[in-house]
Amino acid sequence: MFKKTMLSSIALTAILFTNAQQVKEKSTSLNESTATILKSSSNVIDEKTGKKVEEVSPSPSNVSTNTSANFSLLDKGFSEFAKNNSIPLSAKGLRAKQRMATKMGNVAALDSVPAVAEPSAPFAFADFTWLNGNNRQTTTLMDGPVFTPDFTVDVNYTRSNQNPIDNTVLGSTALSRNNESTVSFVGIGGDFHWQNIRGRLMTQFGTRATVVPRNDYSGYKGQYDLPDAYRYLSEAYAGYHFNKWHGINVDMGIFMSYIGMFSYNNFENWSYQPSYTSDNTPWFFNGIRVQMFPTEKTKIELWFINGWQSYATFNKMPGIGFSILHRPNGNNSFITNNYYGTDVAGIPEVKRFHSDNTWQHKYYDNPKAKGIKRAAFTVTGDFGFQWGTGGGYTFTPFGDSTASNFISGMVYNRVWFGKDAKWGWTIGGGFLHNPSRYLALVPPGQATDKFLNDAVPGAKMDGWDASTCIDYSPNQFMTLRFELVHRYMSIPYFNGPGGVTGPGGYSALPSTSFNPNSYIPSTSTFTPDLVKAETRGIIAFIVRF
């Protein structure tokens, strides 16, 4: 094979050299004539107009006749070589022709070379602003050659039918305080891009700076208080872009996972409070990712990360995973996310696997219609489990007393209506089956200790939720949302009237209540008031530039 390749290369070189010499010889007189014309251009008179010609340049019109004939020799050499070796004239061949023509100063010949198209941008072939978990903006107010800013403010007000005395919301990463106006998320940052170097920085101020990091217990391993070090960063990575295929990105740092379909930024979502499938799976990863775009319709990601939404590693083995996103046309999007790691703290013998899969489909699109302009639905299904023995427990994918798995699903439907599709209506919900409760959001306050003590293999946990919301988006930079949510769990899990903090809603031990994990050691003088169901209303106002 090597010898054949070498002989083919030698043959091509000989053909090119021979034809190039012929072209060069036939072009000599023309080039010399052109040089003479350029030297005496100030004395040249146009025969038709009788005016003095200020400048004469070897444009294609001036040299087209001879140079086109000359270049046909070079073109013939390429064509004969391709034919004799049974290979197509590739983009590399076209570029070689371009280089040869340029080197010979052959303008017309250069124009006759077919243009070599650059690879198209991934997913730019259709409009995907309708997708759940995808940015709907098509323009940005501020952009530059080095930095593209990104700014989000997300504020909400929510009220539960349980009306807990301590104003605390349980089982959510989008909500935190009940019956209060809350600044949930303030993201300030953007994307850096210079040549092939890339990076992204996005802050997270507001209640999410506590609600999300408190669910990561890897920070208790070792020193340097990682939850505090990272809590004000939602994304922070540096990377490099390779001009291969339709692009390859290699990034290192904290980046979004997009497991569970919903985006971390609620501006991109169809509803505010996500179903259990999304709220109980990772929002972020910390490590290395490789994004590959072999076609304009497909993305493949590889992950080498610290763990399952963890700042640090729970054991010695890091987490690994991959994601495949395929959008065959503008109406469909398919994605599968898969993860493997050891994420039971201090028990490396227990392994974890998780698969998250979503199909999104736009089944109606008529911008000129008087009523509904667009309609789409999403379907998501997750399956995961833990297996192994350690710490006095045995974990198995199925069973009764040893079961440790996660089975969930969710379905949402959305319609856009009104002038310019400024209004949107979403209805949906999902279910959760999580024996051993290993992916559940841990209740805060004095409810933490009992929940963790009960979270052993076989411990039951089943729930469902349903929601509906109306959105008003007068432009690409603002959304006003009104939402109604009902959630149920088979165990006492949501905050009841008595709260989870202490008598009267305040902590009996103030010195222990203000900590990064919203944890208060349980006391014999107070029993958290947990209930199995809640219904709440949400008003959210989100702007993004």
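Tutor: Let's begin with a definition: buried means under 20% relative accessible area, exposed over 50%, and partly exposed in between. Keep in mind that this is a predicted model.

Student: Okay, why does Y240 count as partly exposed?

Tutor: Y240 has 37% relative accessibility. That value is not under 20% and not over 50%, so Y240 counts as partly exposed.

Student: And what makes F242 partly exposed?

Tutor: The relative accessible area of F242 is 40%, and the partly exposed class covers what lies between 20% and 50%, so F242 belongs there.

Student: How many aromatic pairs does a search of the whole structure find?

Tutor: The search finds 31. Y240 and F242 form one such aromatic pair.

Student: How do you know that Y240 and F242 are a pair, and why is the pair called edge-to-face?

Tutor: Their centres are 4.9 Å apart, and rings pair if the centres lie within 6.5 Å. The planes are at 65°, and over 60 degrees counts as edge-to-face, so that's the name.

Student: What about Y264 and W283: why is that pair edge-to-face?

Tutor: Here the centres are 5.7 Å apart, and the planes make an angle of 65°. The distance is within 6.5 Å and the angle is over 60 degrees, so the rings pair and do so edge-to-face.

Student: Where in the chain do Y264 and W283 lie?

Tutor: Y264 is in the loop between β5 (248-256) and α7 (276-279), while W283 is in the loop between α7 and β6 (284-295). They are 19 residues apart, and the pair links distant parts of the chain.

Student: Why are Y264 and W283 called buried?

Tutor: Y264 has a relative accessible area of 5%, and W283 has 3%. Buried means under 20%, so Y264 and W283 both qualify.

Student: What joins the side chains of T173 and W283?

Tutor: A polar contact of 3.1 Å; the cut-off is 3.5 Å, so that distance fits. T173 is found in the loop between β1 (147-160) and β2 (180-194).

Student: Is T173 buried or exposed, and how do you know?

Tutor: Buried: its relative accessible area is 3%, which is under 20%. Beyond residues up to four places away in sequence, T173 touches several others, including R208, V212, D279 and L441.

Student: Which residues do ring pairs link into a cluster?

Tutor: Y340, F353, F383, F385, W387 and F398.

Definitions and conventions:
Residues are numbered from 1 along each chain as its sequence is written. This is a predicted model: local features need pLDDT of at least 70, side-chain atom pairs count only at pLDDT 80 or more; totals for chains, interfaces and linings use all residues. Side-chain values use heavy atoms; hydrogens and water are left out. Helices (H or I, at least four residues) and strands (E, at least two) are DSSP runs, numbered from the N terminus. Buried means under 20% relative accessible area, exposed over 50%, partly exposed in between (1.4 Å probe, protein chains only). A polar contact is a pair of N or O atoms within 3.5 Å; within protein, one must be able to donate a hydrogen and the other to accept it, and residues adjacent in sequence count only if both atoms are side-chain atoms. Contact means heavy atoms within 4.5 Å. Rings of Phe, Tyr and Trp (its six-membered ring) pair if their centres lie within 6.5 Å; planes under 30 degrees apart count as stacked, over 60 as edge-to-face and the rest as tilted.
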